[in-house]
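The exercises below concern a single protein chain. Please attempt each task before reading its solution.

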Amino acid sequence: MTMAEQQQKKQLRLGAFMRPVSLHTGAWRYPGAYPDANFNWQHIKSFAQKLEAAKFDAFFMADHLAVLNMPIEALRRSQTVTSFEPFTLLSSLAAVTDRIGLVATASTTYDMPYHIARRFASLDHISGGRAGWNIVTTANPDSARNFGHDEHKEHGERYARAREFYDVVTGLWDSFAEDAFVRDVESGIFFQPERMHVLDHHGPELDVRGPLNIARPPQGWPVIVQAGQSEPGRQLAAETAEVVFCAPRNLEAGKEFFKDVKGRLAAVGREPDDMKLLPAAFIVIGDTVEEAQAKRLKLDSLVHYESSIGSLSIALGFDASTLDPDGPLPTDLPETNASKSSRDGIMKLAEKEGLTVRQLAQRVGGYSGLAFVGTAKTVADEMEQWLLQEGSDGFNVVFPFLPQGLDDVVERLIPELQRRGLFRKDYEGATLRDHLGLKRPKNKFFP
C-alpha cells in the first residue's frame, strides 16, 4: 500500500486535554494567557466550542480528589488548586455543544459503582450519546484522608478493585433491555418487568444489588477510557478500555506500547480496532520552527523552582525538596503508592540523561512528556509518522497556554491535517463512539 493509500485509510483521532486546561506549570503566567483559564466557565465554554468547530473527537477532564500532594511553596503557584468537578462542568458543556465527546475521570478507589453508573448514564442521555468514562485508581495518596481512610490502598489492590468495579458498572448500564420502556398510555404499563435485570453482584470488593434506575445509555455504554501504563494498567486496558491515554516519550516507545497493548486483545476476544491509543502530545505552533522553540523556552522560563520541585515530588511520590538540588537523583528511593509508570519514567529519564535533581525538576515542572514544537507543517509531519508507523491512533492534545496555544492548533494545525486527509472536515455521526469508530456494545443480559 502506498503512503497516499494509507492516508486515505487512516485518520487521526484527537482528544483535547482540558482539566487542567494546560499541564504546563507556567501556562497561566504566559504573556497574553488567561490566568484564570482553568476555573472560568465562560473561557472553558469558549474553548469547548472552538474544539467542536475544529471537529475534535473529545473534550477530556482529568480529576483529583485532593489538592495536589506537593509542598505548600509549590502548591501556592499551581493553577490546579481550584478546578471544577467534572460531571457538573461536562453536563453544562453538553448544553452548549452538539457533537464533541465529553470524557470525565472517575475513581474506582474512592467512589461506588452505583454512583458512577448513574452519573455516566445521565451524562450520556443528557449529551445525546457523547459521554466517556476515564477509569482511574487514583494515584494521590492524600485522597485517602478525604474519604475516611488513613492509608491509600496498595497499587495491586487498587487495580483488582478497578477490574471488579468495571464489571459492576457495565452490568448496571445493562439493567434494562432497549425495548423495556413501552410507555403504553392506554394500558397504563410504563415498562416491562421481564425486560429488567437485577445484577445481584457479590464479589471480593463489592456488593451491589441493582438494577440501575436509569434506562440503558444511548451508546449502550459510555466509551471506556483508561490511562494506566504499568503492567496491571496495561492488562486492565486490554480487558476493558476502548481508548487508552498514554505517555510514551518518543515514537519507538509509542510503537512498543502500541504493539504490547494491542497484542493482548486477541487473548481476551477483542480486535485491534476495538481500542484507540492516544498519547498525550504537548503542541506548540509557530510561523517558523525557531519561533515555536522560542515560545517553548519562554514558557519554560516561567516555571519557578518551588513549582518544579513540587511537580517532581508528585511524580516520585516522595518529597524531592529534601534532596540535594545539584546532586543526582538517588536510585534507591523508597517505594510508594504513587503512579508506577510515571515514577519509573522519571527515574529512567534522570539516569539516561545524567540530570541533577534541579535539572530533572525543571524538566518535569514544565512539561516532560512527548512534545511537538514547530510549524503546522512540521508538527503534522510528526503526527502523520506516528499514525502510519503504528505509534498511535491519534493524540490527546495538551495545550501550552490558552487561548493562544489552543487557537494555534485549531486555526493552523487542524487545517493542515485536513488538507492531508489525516483528520475529518466534519463529524460523520452524533455519538462519541461514532467519532472514534467504536462498536456499540451488546447488552450482557438482553442480547
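The following exercises treat salt bridges, aromatic rings, surface charge and backbone geometry in this predicted model.

**Exercise 1. Salt bridges within and between elements**

Task: Determine where E252 and K255 lie, and state which residue forms a salt bridge with D274.

Solution.
- Step 1. Side chains of opposite charge can pair when their charged atoms come close.
- Step 2. E252 and K255 form a salt bridge whose closest N and O atoms are 3.6 Å apart. This satisfies the criterion, because a side-chain nitrogen of Lys or Arg must lie within 4 Å of a carboxyl oxygen of Asp or Glu.
- Step 3. Both E252 and K255 belong to helix α8 (residues 251-263), where they are 3 residues apart, about one turn of the helix.
- Step 4. E252 has a relative accessible area of 54% and is therefore exposed. K255, at 26%, counts as partly exposed.
- Step 5. The partner of D274 is K439, with the closest N and O atoms 3.3 Å apart. D274 is in the loop between α8 and β9 (276-285) and K439 in the segment after α15 (432-436), so this salt bridge ties together parts that are 165 residues apart in sequence.
- Step 6. The two partners can now be classified by accessibility: D274 is buried at 14%, whereas K439 is exposed at 57%.

**Exercise 2. A further pair and a network**

Task: Locate R358 and D326 in the chain, and name the residues linked in a network of salt bridges.

Solution.
- Step 1. The side chains of R358 and D326 meet in a salt bridge of 2.9 Å, N to O.
- Step 2. R358 lies in helix α12 (residues 357-366), and D326 lies in the loop between α10 and α11 (340-353). The pair links distant parts of the chain, as the two residues are 32 positions apart.
- Step 3. With a relative accessibility of 35%, R358 counts as partly exposed.
- Step 4. The network of salt bridges links K377, D381, E384, E416, R419 and R420.
- Step 5. Over the whole structure, 35 salt bridges are found.

**Exercise 3. Aromatic pairs**

Task: Classify the ring pair of F176 and F181, and then that of W386 and F395.

Solution.
- Step 1. A pair of aromatic rings is described by the distance of the centres and the angle of the planes.
- Step 2. The structure holds 20 aromatic pairs. One of them joins F176 and F181, with 4.9 Å from centre to centre and 50 degrees between the planes. Because planes under 30 degrees apart count as stacked and those over 60 as edge-to-face, this pair is tilted.
- Step 3. F176 is buried at 6% relative accessibility, while F181 is partly exposed at 22%.
- Step 4. For W386 and F395 the centres are 5.8 Å apart and the planes stand at 65 degrees, so the pair is edge-to-face. Both W386 and F395 are buried.
- Step 5. Ring pairs also link F87, F120, W133, F165 and W173 into a cluster.

**Exercise 4. A charged surface patch**

Task: Which residues form the negative surface patch, and is E151 buried or exposed?

Solution.
- Step 1. The negative patch is formed by D150, E151, E154 and E157.
- Step 2. E151 is situated in the loop between β4 (131-136) and α6 (155-173).
- Step 3. The relative accessible area of E151 is 67%. Because exposed means over 50%, E151 is exposed.

**Exercise 5. Backbone geometry**

Task: Explain what is noteworthy about the peptide bond between R19 and P20 and about the phi of K55.

Solution.
- Step 1. Most residues other than glycine have a negative phi, and most peptide bonds are trans.
- Step 2. The bond joining R19 and P20 is cis, with omega about 0 degrees. P20 lies in the loop between β1 (13-17) and α2 (41-53).
- Step 3. A cis peptide bond also joins L402 and P403, with omega about 15 degrees. P403 is found in the loop between β11 (394-398) and α14 (404-419).
- Step 4. K55 is not a glycine, yet its phi is positive, at about 75 degrees. K55 lies in the loop between α2 and β2 (58-61) and counts as buried at 17% relative accessibility.
- Step 5. D200, likewise a residue other than glycine, has a positive phi near 50 degrees. D200 is placed in the loop between α6 and β5 (201-202) and is partly exposed at 45% relative accessibility.

Definitions and conventions: Residues numbered from 1 in each chain as written. Predicted model: local features only at pLDDT ≥ 70, side-chain atom pairs only at ≥ 80, totals over all residues. Heavy atoms only, no water. Patch = residues over 30% accessible without salt bridge, like charges linked within 9 Å, V, L, I, M, F, W, Y side chains within 5 Å. Areas by Shrake-Rupley, 256 points an atom, 1.4 Å probe, with all protein chains shown as cover. Lys, Arg positive; Asp, Glu negative; His and termini not counted. Charge placed at Lys NZ, Arg CZ, Asp CG, Glu CD. Helix = DSSP H or I, 4+ residues; strand = E, 2+ residues; numbered from the N terminus. Buried < 20%, exposed > 50% of the residue type's maximum accessible area, 1.4 Å probe, protein only. Phe/Tyr/Trp six-rings, centres within 6.5 Å; stacked < 30°, edge-to-face > 60°.
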